[in-house]
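Here are a few short exercises to work through with the model open beside you. Try each task before you read its solution.

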Amino acid sequence: MLNFFHFSAVQIPGAFGDADCDEDIDLGDHTSLTECLAGAAVTPPMMIPDCLNAFDSDSDGDVDLQDAAAFWSVFGNP
Ligand SMILES: [Ca+2]
Ligand SMILES: [Ca+2]
C-alpha cells in the first residue's frame with residue numbers, strides 16, 4: 001500500500017542558535033540573541049518564547065553571557 005504522506009522540510013525546533021529556523025546562524029539570529037539576552041538567572045522576555053530553545057546553551061533557564069559566548073563560537077556556521 002502506498003503512503004501519500006510526506007514529511008520533507010520538517011523543522012526541528014531547538015537547534016542551538018538558529019532562532020529563525022532557517023538552518024544557519026547569522027545576523028538575524030544574532031539580533032534575536034540580543035533581544036533574548038537578559039542576564040544570569042533572569043528569565044528572558046516572555047514575549048519571545050523561543051529564547052530558551054534557541055539560546056540557552058547550558059539549559060539553566062536563562063540567556064546570559066555564557067550562552068552568548070556559546071552562540072558566538074558557532075556564529076556564521078550553516
Ligand atoms: Ca538562522
Ligand atoms: Ca543559560
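**Exercise 1. Find the residues that make up the largest nonpolar core, and say which helix supplies the largest share.**

Solution. This is a predicted model. Its largest nonpolar core has eight residues: Ala19, Leu33, Cys36, Cys51, Ala54, Phe55, Val63 and Phe71. Next, sort them by helix: α1 and α2 each give at least two residues to this core. The largest share, three residues, belongs to α2.

**Exercise 2. List the buried residues of α1 and work out why they lie on the same side of the helix.**

Solution. Begin with the list: Asp29, Ser32, Leu33 and Cys36 are the buried residues of α1. Around the axis they span an arc of only 105 degrees, so they sit on the same side of α1. A general rule helps here: an α-helix has 3.6 residues a turn, so residues three or four places apart point the same way. Now turn to the face away from the buried side, where the exposed residues Leu27, Thr31 and Thr34 are found. Finally, look at the cover: α2 and α3 (65-74) are among what lies over the buried residues of α1. For one of these buried residues, Leu33, the contacts beyond four places in sequence are Phe55, Ala68 and Phe71.

**Exercise 3. Decide whether Leu37 is buried, partly exposed or exposed.**

Solution. Locate Leu37 in the loop between α1 (27-36) and α2 (51-55). Then count: Leu37 has 19 C-beta neighbours inside 10 Å, and buried requires 20 or more, so Leu37 is partly exposed. Beyond four places in sequence, Leu37 contacts Val63 and Ala68.

Technical notes:
Residues are numbered from 1 along each chain as its sequence is written. Chains are lettered from A and ligands numbered from 1 in the order in which they are written. This is a predicted model: local features need pLDDT of at least 70, side-chain atom pairs count only at pLDDT 80 or more; totals for chains, interfaces and linings use all residues. Helices (H or I, at least four residues) and strands (E, at least two) are DSSP runs, numbered from the N terminus. Two residues are in contact if their C-beta atoms, placed from the backbone, lie within 7 Å. A nonpolar core is a set of buried Ala, Val, Leu, Ile, Met, Phe, Trp, Tyr and Cys residues joined through C-beta atoms within 7 Å. A residue is buried if 20 or more other C-beta atoms lie within 10 Å of its own, exposed if 12 or fewer, and partly exposed in between; C-beta atoms are placed from the backbone. The arc is that of the directions from the helix axis to the C-beta atoms.
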